[in-house]
Amino acid sequence: MSRGVPIERVEVSVFTIPTDAPEGDGTLRWDKTTMVVVELSAGGQVGLGYTYADQATGTLVRELLADVVCKKDVLAPPARWADMVHAIRNLGRPGIVSMAIAAVDVAIWDCKAKLHGLSLVTLLGAARESVPVYGSGGFTTYSDAQLTAQLGGWVEAGIPRVKMKVGAHPERDLDRVRVARAAIGDADLFVDANGAYTRKQALRFADSFAGEYGVRWFEEPVSSDDLDGLRLLRDRAPAGLDIAAGEYGYDLPYFRRMLAAGAVDVLQADASRCAGITGFLRVAALCQAEELDLSAHCGPSLHVHPCCAVGRLAHLEYFHDHVRIEHMLLEGALAPVEGRLHPDLSRPGHGLSLRRSDAKRYAV
């Protein structure tokens, strides 16, 4: 192992999966999700990585990043990450470029752990045995009956915190939150506006959400680009209502600016966007330095091992769309027990493999 194990081959697959119902949030609607999967071979092992992104992300991996990492040591993920970041200098970091790096980076970490015969969290070094999750969905496209069934179902299944979308129709948001509160009883209720509100709208809703319905978490009350607005909300929101943002971060300077502005109570990061496990761990180090909690955005099966390895952690988003896809296409996808995800330490790497026979019908 000490002499290195060269990466021999990088293969890319793209799958587009229709949603089980129309989905929408405060600023967007969608009816399908695309998953880009990277399988990387080295030393007789295959590492798997993936991201939720456009088909063009897979093209970028095939036409650029595969050649960047091939024949180089899979046992040095930070070095391979740096190679990829260097290679995309003229393409820019935000967007599909960072997501392409993410898929390859996850595959490299998975392969390294497999070559050592270790689970990924054991390789990284565990800080905790499991990760608390919150059920996430409650789309603005849902009827009150759908909202009740989904959120109430999570609580019945033992998840003590749930999140719903708001902002598409502000005139209905308080009624929808009232329906959600009735469905979940005393469980923690989170809301996510996806940046749909103006500052004054968000201030008014913060008081009503927290005061009337006990909402504990207000995600992207205004655009995540409006750092002053987020700081305003953080300073003036009722006690006990956390302001959160960060899911659209692709590189470290983005997160550093958000923390420097004092914009959030909890910082979000998504390993499938912020350049993989290597990028996610660097964001976690920023949170540790600022004594601020980190919350992982979406892709629960992707995040459980790195989440168990970081210092400051609030929870992990158990997002309906990604949960459904991961259980459809990936062997080893996890389900929460008493509101927590536990990494499977008996499986090397992150424990996930592609069920190609199930996935092929969705291939692009």
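Modeller: A salt bridge is a side-chain nitrogen of Lys or Arg within 4 Å of a carboxyl oxygen of Asp or Glu. Keep that in mind as we look at this structure, which is a predicted model.

Colleague: Happy to. Which residues are linked in a network of salt bridges?

Modeller: The general idea comes first: side chains of opposite charge can pair when their charged atoms come close. Here, Lys163, Lys165, Asp192, Glu219 and Glu317 are linked in such a network. The structure holds 20 salt bridges.

Colleague: Let's take one pair from the network. How should I read the salt bridge of aspartate 192 and lysine 163?

Modeller: Start with the distance: their side chains meet at 3.5 Å, N to O. Then look at the chain: aspartate 192 belongs to strand E6 (residues 188-192) and lysine 163 to strand E5 (residues 161-165), so the pair links distant parts of the chain, 29 residues apart.

Colleague: Are aspartate 192 and lysine 163 buried or exposed?

Modeller: Both aspartate 192 and lysine 163 are buried.

Colleague: Strand E6 also holds aspartate 188. What does aspartate 188 form a salt bridge with?

Modeller: Its partner is arginine 216, and the closest N and O atoms are 3.3 Å apart. Arginine 216 lies in strand E7 (residues 215-219), and the two residues are 28 residues apart, another link between distant parts of the chain.

Colleague: Why does arginine 216 count as partly exposed?

Modeller: The class runs between the cut-offs for buried, under 20% relative accessible area, and exposed, over 50%. Arginine 216 has 41% relative accessibility, so it counts as partly exposed. Aspartate 188 counts as partly exposed too, because its relative accessibility is 24%.

Colleague: How does the salt bridge between aspartate 265 and arginine 234 read?

Modeller: The closest N and O atoms of aspartate 265 and arginine 234 are 2.9 Å apart. Aspartate 265 sits in the loop between helix H9 (252-260) and strand E9 (266-269), while arginine 234 is in helix H8 (residues 227-236), so the salt bridge ties together parts that are 31 residues apart in sequence. Aspartate 265, at 22% relative accessibility, counts as partly exposed, and arginine 234 does as well, at 28%.

Colleague: Now the sheet, please. What order do strands E1, E2 and E3 have?

Modeller: In general, strands of a sheet pair through backbone hydrogen bonds, either parallel or antiparallel. In this case the order is E1-E2-E3 in an open sheet of three strands, with antiparallel pairing. The edge strands, E1 (9-24) and E3 (45-52), each pair on one side only. From one strand to the next, the twist averages 20°.

Colleague: How many bridges join E1 to E2?

Modeller: Twelve bridges join these antiparallel strands. For a landmark, find proline 18, which stands opposite lysine 32 in E2.

Colleague: And the largest pocket: which element supplies the largest share of its lining?

Modeller: That is E2 again, with five residues. Strand E2 (29-42), helix H3 (96-115), strand E11 (315-319) and helix H12 (320-329) each supply at least two residues of the lining. The pocket has a volume of about 700 Å³ and is lined by 29 residues, with Leu28, Trp30, Thr33, Arg273 and His322 nearest its centre.

Colleague: How do the lining residues divide into nonpolar, polar and charged?

Modeller: Ten are nonpolar, nine polar and ten charged.

Conventions. Residues numbered from 1 in each chain as written. Predicted model: local features only at pLDDT ≥ 70, side-chain atom pairs only at ≥ 80, totals over all residues. Heavy atoms only, no water. 1 Å grid on protein atoms, 1.4 Å probe; cavity = no way out; pocket = protein on both sides within 12 Å on 5 of 7 lines; lining within 4 Å. Points joined across faces, edges and corners; volume = space filled by probe spheres on them. Helix = DSSP H or I, 4+ residues; strand = E, 2+ residues; numbered from the N terminus. Nonpolar A, V, L, I, M, F, W, Y, C, P; charged D, E, K, R; others polar. Buried < 20%, exposed > 50% of the residue type's maximum accessible area, 1.4 Å probe, protein only. Pairing = 2+ DSSP bridges. Axes fitted to C-alpha atoms, helices over the stretch in contact; angles between N-to-C directions.
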